Amino acid sequence: MRSNAIARGLSIALFLIGSHPFASAQNQYDSYPTKDIKIIAPFPPGGAADSAARIVAEGIGSEWKVSVVVENAPGAAGGIGTSKASRAKPDGYTILLGTGAALSVLPHVTENLRYSPLDDFEGVSLVADFPTVLLVRSDLPVNSVRQLIDLLNTDPTKYKFSSSGYGSSLHLAGELFKQKAGVNLTHVPFNGAGPALTALLGGHVDIMFDTLSNAYPYIEDGRVRALGVGGLERVATAKQFPTISETIPEFEVTTWASLMVPKGTAQTIKQKLSEKVREVLSKPDVIRRLERVGASPKFTTPEEMDVIAKESFLKWGEVVKKAGLTLK
Amino acid sequence: MDLIGNLGLGFSVGLHPWNLAYCFAGVLLGTVVGVLPGLGPLATVAMLLPLTFGLEPVASLIMLAGIYYGSQYGGSTTAILVNLPGESASAVTTIDGYQMALKGRAGPALAAAALGSFFAGTVATVLIAVVARPLTALALSFGPAEYFSLMVVGLISSIALASGSILKAIAMICLGLLLSLTGTDIYTGTPRFTFGYVEMLDGLDFVALAVGIYGIGEILRNLEGSNGAPKVIATVTNLLPTREDLKRIVAPVIRGTAIGSMLGVLPGGGALLSSFVAYNVEKKTSRNSAEFGNGAIEGVAAPEAANNAGAQTSFIPMLALGIPSNVVMALMIGAMIMQGIQPGPNVVVSNPELFWGLIASMWIGNAMLVILNLPLIGLWVSLLRIPYDILFPAIIAFCCIGVYSVNNSASGVYMVTIAGLIGYLLIKLECEPAPFVLGFILGPMLEEHLRRAMLISGGDITVFVTRPISAFLLAIATITLFVVSRPFVQKQREEVFMEEEG
């Protein structure tokens, strides 16, 4: 009896010791989140992406009853914030609001970034995309993408497009257009989308790719003309604009924002986050608020997000190479 | 017509309770900061900038603007009562203001300053309202060539801003230009002087630089001297100016306002330059010029009106064109960008409630300031009795907290430390920090617009003189350079500054 008792005691003890780490780890994942979550936004406050981040953060926070805080870490066109997020602990409490620019474009044009998008991050879900629109100055005598291409072909050196900066998504959109449409344009970079649009309004440049939400007021009162949107499907809230892919079949520009976590984060955490994002982004009032700031809500599974991130990275790498924008 | 409608919109925004509260907070803080020597609107705006993130854009701009023009009122209080300019722009007011105080006429001096400032503030506000919209329309036709030429005008007039030797001013501008080259080149994406640090890809942090040089540098300078000597604070008895006084200040105030309004708009101009020029002009044109230096009330009214007009009209280039005419305006632009508003000609159109609300609140703020500054003078003066030992650590703490929270990054704080040492060094070497800072801001803009003009014109350099506005601006720059460097004018400048030191 005594040896039985000892054996039982020992086995209970072993069981307790043995199962304890598992128990707490399992607890940790099951009970996620137990404390506040931080979303790192690699851009300054204000602006469509920041507003979108805050709407989503609020949605998630109110569902899970924890504080989800957006921390802005601007600089280097997203490089600084993304780099900061890549070094965070993969415990699901620090999340990156990944931008297409910082994750798919920047690493091809800038050195010393201290992160590698495919190796340092894992996807959780898309959050939104920001429709891009092709604009021309109002006195340019074209009314469609086809007419524009014909005009550009008459004089390859004459026409200029503005962008929000070297290596920005708007710059690359222009380069992609040049490549797919087979035209030549001089690139005139500005410090941000605002001055770039002002230059278009003043007629100092001829063409610009901009986010639809930024440009909408000017399109409405006729100060610029919109020829098409950059996605593969027409924008739900602005169906009157054709897609550029209706004229140029392979043309697709998407400016997306997503939630990413540092590599090594547990699958269960990613799963939970992704499902919560899906829930939040399905709510009508969240959708409405997001559309009002110019964001089209989208969600995916973590695996789908990984695929999108990788494809995007490779695609823009090709565009950069073809455009001759070498790694600096 | 349109103007009335817009002003109506503006007042409906400006009189909103929250905005009133922030306006009051701003002007109150501005007065306090203006009174305290060693702490200026620049450091205060820089410190409070990050705290305004959470506010509505209108509220944050109203408050920051209130701090700026409020400090011009506060600075004159100490200038008159204690012979200590709380604000550099109030330096000229000490000349006649303190003399009046010593003669027991501090009351009329303070009243002249306040009333002159209020008049100037009102006129300047109206001016902004009237001029901004047409200027905006003009601004759209400003291409890179015109901006470049405007920057050249600004750079040259910032030489005029410096009081010391022209050689040092030019050296400081060049130093600012050089340091501003760090960062990523806009056109080719090449990193310059970043030493491989991703933190340096955006260049040196301007806010940290400004806070360090002006805030910390000034503190270091104050600490090295012994500031223990108690100041003689003249008691204020009779506040009311006589009818004779009022008659005398009418013309100076109008002249001062005109000068301030013109000089405030110029990049490199602002309150400081306006007050010096107004004093000089007044001295030449006044009937009572013999009294100047011994307590002529015109010598108080004119510069005070000028510095207020200058402070407010310096908002015009910022609001209409997105170009900062001085360091504080550059910070305001930073504030707008942080709020997601792209400063530039479109602000008037895309955010009319912001623009007109700000203008309306400037007038409201001026009204509040007259009320604050006249009856409450004793209170402000007692602030001067706070021991510096308590004051300066608080200032340093606020500076560091403010700069850190701009980017949530410690690199800003390191920058502030280094910049503070640089600022102190500049003070010891008797080099003006103002041309340095202006060179730092204008440098990247000069380069950006020059290259963009070349890009758009396809390499044709004559574009700067063939485009009419650009040619006009370059002509002004040439004239300014000529005027500034003439020995006659140089002597005049030295005289003005010798008087203020004497």
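Glu430(B) is found in the loop between α19 (411–428) and α20 of chain B, and this residue of what is a predicted model is a convenient place to enter the structure. The backbone there has a phi near 55°, a positive value in a residue other than glycine. Most residues other than glycine have a negative phi, and most peptide bonds are trans. With a relative accessible area of 64%, Glu430(B) lies over the 50% cut-off and therefore counts as exposed.

A second residue of chain B can be read alongside Glu430(B). Phe193(B), which sits in the loop between β2 (191–192) and α9 (206–224) of chain B, also has a positive phi near 55° although it is not a glycine. Its relative accessibility is 51%, so Phe193(B) is classed as exposed under the cut-off of over 50%.

These two loops belong to a chain whose secondary structure comes to 23 helices and two strands. Of the 502 residues in chain B, 57% are buried, and among the contacts in this chain with a separation of 6 or more, 79% are between residues 24 or more positions apart. Gln72(B), located in helix α4 (residues 57–82) of chain B, gives a local view of such packing. Once its neighbours within four places in sequence are set aside, Gln72(B) is in contact with Ala89(B), Ser90(B), Ala271(B), Glu304(B), Asn307(B), Asn308(B) and Ala311(B). Its relative accessible area is 2%, and because this is under 20%, Gln72(B) counts as buried.

From α20, the helix that borders the loop of Glu430(B), the path leads on to the other chain. In the interface, 32 residues of chain B are in contact with 33 residues of chain A, and the two chains bury about 2,600 Å² between them, with 59% of that area on carbon and sulfur atoms. Leu140(B), Val198(B) and Ile456(B) supply 21% of the area that chain B buries against chain A, which is more than any other three residues. The count of salt bridges between the two chains is zero, while one residue pair, with both members at pLDDT 80 or more, is in polar contact. On the side of chain B that touches chain A, the elements giving two or more residues are α14 (327–338), α15 (347–350) and α20 (433–457) of chain B, and α20(B) gives the most, with four residues. Sorted by class, this side of chain B has 14 nonpolar, 13 polar and five charged residues.

Chain A offers a helix and a loop for closer inspection. Helix α7 (residues 169–181) of chain A has 13 residues and reaches 18 Å from its first C-alpha to its last, close to the 18 Å expected at 1.5 Å a residue. This helix is mostly covered, with 10 of its 13 residues buried; among them are Leu170(A), His171(A), Leu172(A), Glu175(A), Phe177(A) and Lys178(A). An α-helix has 3.6 residues a turn, so residues three or four places apart point the same way. After α7(A) comes Gly182(A), whose phi is positive, near 70°.

The loop in question lies between α1 (2–31) and β1 (37–41) of chain A and contains Pro33(A). Tyr32(A) and Pro33(A) are joined by a cis peptide bond, for which omega is about -5°.

Key:
Residues are numbered from 1 along each chain as its sequence is written. Chains are lettered from A and ligands numbered from 1 in the order in which they are written. This is a predicted model: local features need pLDDT of at least 70, side-chain atom pairs count only at pLDDT 80 or more; totals for chains, interfaces and linings use all residues. Side-chain values use heavy atoms; hydrogens and water are left out. Contact means heavy atoms within 4.5 Å. Buried area is the accessible area (1.4 Å probe) that two parts lose on being put together, summed over both. A salt bridge is a side-chain nitrogen of Lys or Arg within 4 Å of a carboxyl oxygen of Asp or Glu. A polar contact is a pair of N or O atoms within 3.5 Å; within protein, one must be able to donate a hydrogen and the other to accept it, and residues adjacent in sequence count only if both atoms are side-chain atoms. Ala, Val, Leu, Ile, Met, Phe, Trp, Tyr, Cys and Pro count as nonpolar, Asp, Glu, Lys and Arg as charged, and the others, Gly among them, as polar. Buried means under 20% relative accessible area, exposed over 50%, partly exposed in between (1.4 Å probe, protein chains only). The expected span of a helix is 1.5 Å times one less than its number of residues.
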